[in-house]
Every structure is written in structure tokens, then in C-alpha cells.
Amino acid sequence: MWLLRLTWVLAALGTVASSGSDPTTSPPGPASIFADLSPAELRAVRTFLMSRPELGLSPSHGGSLAKNTLFLVELLPPKKRLALRYLDQGGPRPPRHARAVVFFGGQAEPNVTEFSVGPLPQPSSYRVLRFKGGRSIPYTARPMTQLEYELLHLMLAEALTPLRRLLLDATGFWYNSSCSTGSHQRCLTFSDIAPRGLVSGERRTWLVLQRFVEGFFLHPVGLEVLVDHRDPDPRHWAVQQLWYNGHYFSSPRELAERYEQGTLAVAHLPEPPARQLFSSYEPRGRFTTGTPTDVHGAKVCEPQGRRYRLRGNRLEYGGWSLAFRLRSSTGLQLFDLRFNGERVAYEVSVQEALAFYGGHTPAAMQTKYMDAGWGMGSVSYELARGIDCPDTATFVDAHHLYDADGPVRFSRAICVFELPTGVPLRRHFDSDFQGGFHFYAGLEGQALVLRATSTVYNYDYIWDFLLYPNGVMEAKVHATGFIHATFYTPQGRRYGSRVHSHLLGNLHTHLVHYKVDLDIAGTGNSFETMDVSFENISNPWSPGARVPGEPGQGWDTGPHPTPAPTDCARPRTDPALVPCRYHLAVTRHHENEPSSSSIYAQNEPWEPLVNFESFLRDNETIEDQDLVAWVTVGFLHVPHAEDIPNTATPGNAVGFFLRPFNFFDEDPSVASLSPVIIRPLDPPTFSQLEVQRWTPASPGPCVSPEPFTYNGTYREE
């Protein structure tokens, strides 16, 4: 554990409104300074920038890459000092501004530029935003777009023409231009790997060819293709190498010739079944006990209604209050987190999710995913009532303008619900050791959950923030979805498990980075660690005797990063991966250090725009300062057959707690009116009991009779 001036403890957790869309039409009060941009604000920013002739912007979709396009618009949060002046001192309300990312591809030297646009709701000006150090953003560092994928599909269809006979013979499927336009009958598709190259400035991507069937991530066909697509003009793109069934080839023609000559080891794949495909969710097999699974299981209910309040982006529950947003770039972000009116943290937010792979194929050995570069906040698809969130949950829509020509509405992207934990928050049975008891008391365990998901292609991340009535906050992420798998070869067994006939589940490490800007009783905080050691002391009540192993406390005043996981500890780790070297790092708050990563780190990990190491190497004091804790949690995933069809959530969750430590005079959950106290009135017979409670004696029926519904669409408005 780490101590924050005997107040809130940051502890690592190892692996282990209405029900409609928007509770209110406009966020009321101070929390709204942190609210995501509304569809009207997103449209206003886009309209304003598109009208500026000096920017020369074109629509994102269609046409060529050699044009200037608006890629991303999201809230640019106010500077902390301005927000605190407004929240705490009655100062002026900070004006709302947007962060806009523009790809300038239609000029002699393409680049990416970020702008601050405002004030909202009617923007009238913009200015350039700079990263710490003032570096410009290379064009090759930009995230992929739908247009670039479409052009890759077309280029690949043409490049693979010589392999038509081989692919039809080996797989029964084929890759052609119609596959990229919505016709998926017996088509091949691909998954792309990143980083896209080996040195700064490259944009060379390994593509893994797969059968386009349900769960295509688990259907590689043994062909991987390296494409150089650095030039904005697709006519200059080229296939540089291929890997097929354990061997490298310099061109599609060379591979085709080897096949025609009969000297190629062809990997013939069986025809996929029409029903109960191994990568599908269709039921198959049976449980031997015969207990029913064709009826509904246990459900969450709210017998007397909701015990939380959601107004816009402000959430209240028991002693807790906070503002939240779902930023398109990186996901859930909490602001102004308070307990009983006193601020605990100014910001708690997801920064980055990383996954490092090992493997024998070129794609597998190259894979180091940094999911902020894939817009992990923007892939917040609809949550299913009763599955992703309880039936009782309140759902909130999200609107993103990410690689789109207008706001896109993601229905039910966020949910809020109170969750019975299944274990008492606290309890005690006070035995009389004669067959009876003096009293029993217990407080049922419940927590409020704020949840969103990110489906970053194959993987699904379930992001939770849990608020407990005793002043504890938990941040947790579950990993599920399809494993990132490659074609099985005997050499690949060193790097994973054979999970199906032609499928290797590649060994990988998941790491998630959080920002925790703690403001415990103000911004002047210090960081200390507490170490517990054992000491031998003389027994004061028995001369000559010793008391072995007596625990004692020692105090230390600096961060001590624990050993880093896997790839992060290697000397040649890419600089963009530096945050994962530290389980915990503590720095001073600086306005020019808002995040530990960026959307550009995935495609420019060698010379990253955000150099997290510089946050730590400035040799600043962290005593009585405005401090930020940067927390990394993660786990090693050794795939196994039980990851088919999807990785299950049990055992694949990590997170951390914020816990009060001598901050309150007692457990603050004593303010709850939910405990039950039972005392015998006539011991030792125990025929009469006094049951003391402050809630109704019976919860009553509480399950909604409404049928299950789901839509799943997300569209521009």
C-alpha cells in the first residue's frame, strides 16, 4: 500500500434518471463544464472549421488521402486552475472549447495539427495546440481511417490476384474487390497489426488474412502480407513481403509460382460448418447435472426505486458525487470526485490500454497494440440490457465525431446501476459461546457502478468505476472478446497454445494505464510509502523471553516503482511504452502533461509525442504539492482452449482501489440506513428477538416484466 498523508490509500488489485438514453436534456450546474460536447456543439465546431478557407477542409469519406480532413472533435477540458476557481471560489465559469484534430494530407509536406476551437456553443476562433516540447505531429503517426482501410482493401484485392487459385484451393474463399464493398459470400478479410514499421516515419503494416465468417478473428488462413502504404497516393503502395505457412516470399508472384510448380506446402483448411461454428456463440454440448439453463438466472432489482441520482453528467450516490464524460480518444474520465462534499480527486481517467504479443509469424512478433491509437473511447457500442448491465440500469447515449462527417450517436454507450456485491460490507455475529449470541449486525454490500465498454476490433474491454458507501472507490477493467490469434505452425508453440486445429493463441500481456489526480483536502499533498517489517523485542512482562516477529512500521517518502511487466523492462522498449514500466509513479501536476500517452503513440512509438519519462526526470519535489499518481495494472494472458469462442471475464480483471486511511473518524458507511441489528430479548431461551432496521421489512417484487430489446446501430445525426 501507499499512503497519501494518512488520508487516501491507493492499493493495487491483482488479477482477480429513466431507463432510456439521456436522463436530462442538458447537464445542470458545475459538472457541466466537464460534459462531453453535445451533437449541436460537435456540428458547430465542424461547420466553423469547414468554413475557414485557409484550412481547405474536405469531407472525410470518399476521394483520396491527399486532402485536408477533420478527424476528431471532442471536449477540451478547462485548465485545472480555472476549473477550481469556478468550483471552489465562485470564480467565472470557464468557457467551453473543443479539441479538433485535422489531417493535412493535401499539401506538399503533410502533417497533423490539433486546434482549440471556441468558445462554444458558437465558435468564432481557433488556435494551434502544442504538445510538451513543441514538436509537430508527423503525418505517418496519424491513426487509421475508414478511407485508408477502403483503399487498402482495393489495393490488396488487386495485389493478390496471382494467388486466386492457391487461396481457393487452400481455403475455399477468395479476396477480391467486392469483398470490400459489402459482399461477404466466401470472402477473405484481414486484421492489421501495429506498430506499422520498425523505425520512425514508416507506415508498413502486416495484414493477417482470415476467412470472413462469424468470429473471423479465429480463422486465419496462413497468409500474412506486408504492405507499405506511407505515400498518400495509393498508386505508390506496394506489397513488400508475404508469409505463408511458415515461409517468407518476396512477392505474390513468387508465392503463386511455387504453388503452380507443386513445391509449396499448402495448408488445406476444412470447410466451415453452416451451424455451430467453433467461433460462434451458438450453444453446443451439455452440462452433466441437468440443472436448467433455459430459464432466466438471478437478476438485480431495485425494490423501492433508485438510490442514486443522475442529472446530465453529474452522478450522486450516498456520500459520493462526481462528473463524468466518455471522451472519444480514450474513454471514461471522472472529474471532481467528492465524498460528503470534500474533494478526493480532481480527475481519475483511463489513459491507455496496451497488449504486447509474442509469436513466430511476422504479424504476431510485431504486435504491440496501444489502443488509444484505435480510438478506444469512440468504439463504445450499445450495451445490452440484462447482459452488459442489469435490467435496472440507467443508460446514457454518447456522441462521437471520430473519422466521420458529423456526430455519430452511440445508443446506450454508458450505464449506471447499483450492484449487490454478494458479500456484506461488514458484519459480526457476537457469540455467547453457550449456543446463543449477544447480537448480530450486518450491512449488506452494495456499490454503484459506472460502466462503458470499448470493442477495439477483436478485444472487448469493460470499464468500471465502483463507488462503495464506506468511501472506497474501485477502478476495474475486464478483458473479454476474441483472442488475437495467428495461424498454427509447430514453431509457434514456443509463443502460445494450440487452441484449435489451425489456430495458435499467442502469449500476450495486457496493461492499462490510469491517471489519478488526487486532491486530498486540497491540492497540497505529499506521497509516502509505509513498509512493514518484523523485529524481535524483549517481552516486558516475562523477563528473559523474546517476542519474535513483532510487526513494526517504517516510513519512506518517495515512490519506489516495482519491477515492470514483460516487454516494458527490456532495454530497447519503445519510448511510447515507458508508462508501463511503473506500477505506480507520482509527479507534480502540470497543465502541459494532461495525459501519459496519445492517439499517435501506436503509429509513432519510437519518437512519441508524449514522453512520459520526462514527467519523472525533472527532479521536482513532491512534498506539499499538487500531485498526480499514474497507475499501471495488468496481467499475463496465456491463451488456452477455453478462450474459445471468447475470453471469459472471471480471472481476467485488474484494477486498483482508492481507500480512506485515517481520513474519517470512523467508517463513513455508518451513515447508511441499511444495516440490520438483531438482539435477543430473553437469553438464554432466545425465543424473542428484537430486529432493528431502518428499511422496509420486505423488499417486495422488483423484476421488470418488459421483454428484452436491442438495436445496435450508431449513425450520424
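The side chain of His508 makes a polar contact with the side chain of Tyr459, at 3.0 Å, in what is a predicted model. His508 lies in strand 30, which spans residues 508-518, and with a relative accessible area of 1% this histidine is buried. Leaving aside residues up to four places away in sequence, His508 touches Phe356, Tyr357, Tyr459, Phe635, Leu636, His637 and Pro639. One of these neighbours, Tyr357, leads to the aromatic groups described below.

**Overall composition**

The protein has 7 helices and 38 strands, and of its 717 residues 54% count as buried. The exposed area of the protein is about 32,100 Å², of which carbon and sulfur atoms supply 52%.

**Aromatic pairs and charges over rings**

The structure holds 28 aromatic pairs. Among them, the rings of Tyr357 and Tyr369 have centres 6.1 Å apart and planes at 80°, and because planes over 60 degrees apart count as edge-to-face, this pair is assigned to that class. Tyr357 belongs to strand 18 (residues 342-357) and Tyr369 to strand 19 (residues 368-370), so the pair ties together parts that are 12 residues apart in sequence. Tyr357 counts as buried at 6% relative accessibility, and Tyr369, with a relative accessible area of 10%, is buried as well.

Phe615 and Trp630 form another aromatic pair, a tilted one, with 5.7 Å from centre to centre and 55° between the planes. Phe615 is found in helix 7 (residues 612-616) and Trp630 in strand 34 (residues 627-637), so that this pair ties together parts that are 15 residues apart in sequence. Both Phe615 and Trp630 are buried. The Tyr357 and Tyr369 rings also take part in one aromatic cluster, which is formed by Tyr149, Tyr357, Tyr369, Trp374 and Tyr457.

Two arginines lie over the faces of aromatic rings, as set out here.

| Arginine | Ring | Distance from the ring centre |
|---|---|---|
| Arg142 | Tyr139 | 3.9 Å |
| Arg412 | Phe395 | 5.1 Å |

**Helices 4 and 5**

In helix 4 (residues 164-171), the buried residues include Leu166, Leu167, Ala170 and Thr171. Viewed down the axis of helix 4, its buried residues fall within an arc of 90°, so they line one face of the helix. The cover over these buried residues includes strand 9 (188-192), strand 10 (204-211), strand 11 (220-228), strand 12 (238-244) and helix 5 (252-260). Gly172 follows helix 4, and its phi is positive, near 75°.

The buried residues of helix 5 are Pro252, Leu255, Ala256 and Tyr259. Around the axis they cover an arc of only 100°, which puts them on the same side of helix 5. These residues pack against helix 3 (146-159), helix 4, strand 11, strand 12 and strand 13 (247-249). Helix 4 is thus among the elements against which the buried residues of helix 5 pack, while helix 5 in turn is among the elements that cover the buried residues of helix 4. Strand 11 and strand 12 likewise appear both in the cover of helix 4 and among the packing partners of helix 5. Just after helix 5, Gly262 takes a positive phi of about 75°.

Conventions: Residues numbered from 1 in each chain as written. Predicted model: local features only at pLDDT ≥ 70, side-chain atom pairs only at ≥ 80, totals over all residues. Heavy atoms only, no water. Helix = DSSP H or I, 4+ residues; strand = E, 2+ residues; numbered from the N terminus. Buried < 20%, exposed > 50% of the residue type's maximum accessible area, 1.4 Å probe, protein only. Polar contact = N/O pair within 3.5 Å; in protein donor to acceptor, adjacent residues only side chain to side chain. Contact = heavy atoms within 4.5 Å. Areas by Shrake-Rupley, 256 points an atom, 1.4 Å probe, with all protein chains shown as cover. Phe/Tyr/Trp six-rings, centres within 6.5 Å; stacked < 30°, edge-to-face > 60°. Lys NZ or Arg CZ within 6 Å of the ring centre and 35° of its normal. Arc of directions from axis to C-beta.
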